[in-house]
Amino acid sequence: MKRTWWKEAVVYQVYWRSFFDSNGDGYGDLEGLIQKLDYIRDLGIDVIWLNPCYESPDKDNGYDISDYYRIMDKAGDMETFDRLLHEVHKRGMKLIMDLVVNHTSDQHPWFIESRSSKNNPKRDWYIWRDKPNNWRSYFTPSAWEYDEQTGQYYFHSFAVEQPDLNWENEEVREEIYKMMRFWLDKGIDGFRLDAIALLAKPKGFPDAENPYDIRYLTNNPGVHDYLQEMHEKVLKHYDIFTVGEVAFVSPEEGLKYVGEDRNELHTLFHFEVCDEMPTWDPIRFKQIQKRWYEGLWGKGWNSQFLNNHDHTRQVTRYGNDKQFRVESAKLLATLVHTLPGTPYIYQGEEIGMTGVKFDSIDDYNDIAMKNKYAEEVAKGRDPKEVLESLQLLSRDNSRTPMQWDDSEHAGFTTGTPWLKVNPNYKEINVKQALADPNSVYYYYKKLIQLRKQNPVMVYGTFRDLSENEPYIYAYTRELDGVRWLIVLNHCDSDNVYTLPEETSSASRRLLLGNYTDVKEEGTTLHMRPHEARIYALQ
Ligand code: TEU
């Protein structure tokens, strides 16, 4: 398999508005990120993925862009961005930007022109129809919005304020490619391509049988032509890393985006775990890992992540954030960093930050959650019940400010944070983590070090030894005669695991574990709650 820097990398996602506020306005900013770069470097990070910081009315936290060539005031300005890039590179790290090109803001000058009249030259830059079909958008009951001025509907896959661009229009594509070159010529190291599987729309927009199953929004014919063109005209001319956000795909479909012979993207986020596995489901998780491994290995590259700015913090959703928070955070980290694919860390994950439950909908900011809340309450449902039903998956679970220390607002800001801090910041914060040698933080650091020293962790073949085990996940990674065994007890109680024959005759050396000692007799491992071990086999 071809070795590349981005397969070996560990990526850290910075949701800058919640990372560190340098000027007291309650929003994190690029200057704040610069001030914390040493923290990120010390963890061992290779690549930073920065969420969108372009000019935006901020209806969907920067995913509604009104000027691709400017930095939004909350984040800073272009001079600060340039300094950020320089400081990232100075520390031997790389920076990838979010690329949001399925849609713009309705305040983008292109859309303002497009909506102004039916014969405006930019009319065709967006998608206009006389009649809507029955599709829902991600965030609203209809994917179409009526515009009085010209008496037609425009199409939006997300919020009303995020009209979709018409990728069929060549001028649109050329304009986007030009903008991508602008950023790449500044020296950024790649893109995370937002909602990239949505670029192509089906001819004629036929009604869906079940409008609630919004898979119709993605993976429509033509999407690969656009990506291949983008590759040809832009991507292939730079030594960069690209990761596409591709929801609702099978490994077979996924391979079309990342196949090494396809000239599209390097890797993808598929959402079979985050979108389609609401709570921890061990057998299903194992099946997902196995299928994706078999589908991609040797042909295209996978990513590993269990949370991001859209998905509830992993220790809350897939672990135990109460009794076994520390053990569980370390187990999940072991999983993400030892399964095949590039691992992603979402800010705060490395100190075991948890989700939140605010008492009132007013304390939430997430447009997806707020729209859904309004829709359900309007149907006559009990508001309290609706709130409770939306809490676990609210995107704000991951978006509360980074917890730096135990001072007011967790040291995130001297002002009033744009979103409330998680009340547990007095116990869970970076200062505490750095002072405790057994913290989640130092465990991440060791995992990342291991990856740098052991190619088996990146390029080793994968074999699941525990397909039908409900609690234990045991698998090997193997490369050039080096064999590792990973054993995880994803469970609140003790379990015994007897090693299968193929590993039992080998001698074992513990490389990393999340308990201070190891309990085992011969080939029988006594695993405590959320215990994780990585062994080298000889
Ligand atoms: O998310 C796009 C999106 O499609 C996600 O909902 C995705 O499908 C995945 O399943 C997560 O559930 C991106 C951004 O990450 C999100 O924050 C934005 O709101 C959205 O695009 C619109 O730009």
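Reader: Why is helix 11 called largely enclosed by the rest of the structure?

Author: Keep in mind that this is a predicted model. Buried means under 20% relative accessible area, and 12 of the 14 residues of helix 11 pass that test, so the label "largely enclosed" fits. The buried ones include R325, S328, A329 and K330. The buried list also takes in L331, L332, A333, T334, L335, V336, H337 and T338.

Reader: What makes T334 count as buried?

Author: T334, one of the residues of helix 11, has a relative accessible area of 0%. The cut-off is under 20%, so T334 counts as buried.

Reader: Which residues does T334 touch, leaving out those up to four places away in sequence?

Author: Contact means heavy atoms within 4.5 Å. On that rule T334 touches Y443, L447, Y475, I486, L488, A532 and I534. There's also a link inside the helix: a polar atom of the T334 side chain lies 2.7 Å from the backbone oxygen of K330. A polar contact needs N or O atoms within 3.5 Å, and the 2.7 Å of this pair is within that limit.

Reader: How do you know what length to expect for helix 11?

Author: You allow 1.5 Å a residue, which gives 20 Å for the 14 residues of helix 11 (residues 325-338). From the first C-alpha to the last, helix 11 reaches 20 Å, close to what's expected.

Reader: And how do you know whether the span of helix 12 agrees with the expected value?

Author: Do the sum the way the definition has it: 1.5 Å times one less than the number of residues. Helix 12 (residues 367-378) has 12 residues and should span 16 Å; its end C-alpha atoms are 16 Å apart, so the two agree.

Reader: What makes D366 a cap for helix 12?

Author: A side-chain oxygen of D366 lies 2.8 Å from the backbone nitrogen of A368, and that caps the N-terminal end of helix 12. The limit for a polar contact is 3.5 Å, and this pair, at 2.8 Å, is within it. Past the other end, just after helix 12, G380 takes a positive phi of about 100°.

Reader: Which residues of helix 12 are buried, and what covers them?

Author: I367, M369, Y373, E375 and E376 are the buried ones. Their cover includes helix 13 (383-391).

Reader: Why is Q289 called buried or exposed?

Author: Q289 sits in helix 9 (residues 282-296). Its relative accessibility is 6%, so Q289 counts as buried. Leaving aside neighbours within four places in sequence, Q289 is in contact with Q304, L339 and Y473. With Q304 there's a side chain to side chain polar contact at 3.0 Å.

Reader: What makes strand 9 covered on both faces?

Author: Look at the residues on each side of strand 9 (residues 190-193): G190 and R192 are on one side, F191 and L193 on the other, and all are buried.

Reader: How do you know that strand 9 pairs with strand 5 and strand 10?

Author: Two strands pair if there are at least two bridges between them. Strand 5 (residues 94-99) is joined to strand 9 by three bridges, and strand 10 (residues 241-246) is joined to strand 9 by four. Both pairings run parallel. To find them in the structure, look for M97 opposite F191 and R192 opposite V243.

Reader: Why are strand 6 and strand 7 called edge strands?

Author: They belong to an open sheet of three strands in the order 6-8-7, with antiparallel pairing. Strand 6 (128-129) and strand 7 (144-147) each pair on one side only, and that's what earns the name. Strand 6 is joined to strand 8 (residues 152-155) by two bridges, and at least two is what the pairing rule asks for. W128 stands opposite Y154 there.

Reader: What order do the strands take in the open sheet with strand 17?

Author: The order is 17-20-19, with antiparallel pairing. Strand 17 (495-498) and strand 19 (519-521) are the edges, each pairing on one side only. Neighbouring strands of this sheet are turned by 20° against each other on average, ignoring direction. Strand 19 pairs with strand 20 (residues 524-527) over three bridges, and E521 has T524 as its bridge partner.

Methods: Residues are numbered from 1 along each chain as its sequence is written. This is a predicted model: local features need pLDDT of at least 70, side-chain atom pairs count only at pLDDT 80 or more; totals for chains, interfaces and linings use all residues. Side-chain values use heavy atoms; hydrogens and water are left out. Buried means under 20% relative accessible area, exposed over 50%, partly exposed in between (1.4 Å probe, protein chains only). A polar contact is a pair of N or O atoms within 3.5 Å; within protein, one must be able to donate a hydrogen and the other to accept it, and residues adjacent in sequence count only if both atoms are side-chain atoms. Axes are lines fitted to C-alpha atoms, for helices over the stretch in contact, and angles run from 0 to 180 degrees between N-to-C directions.
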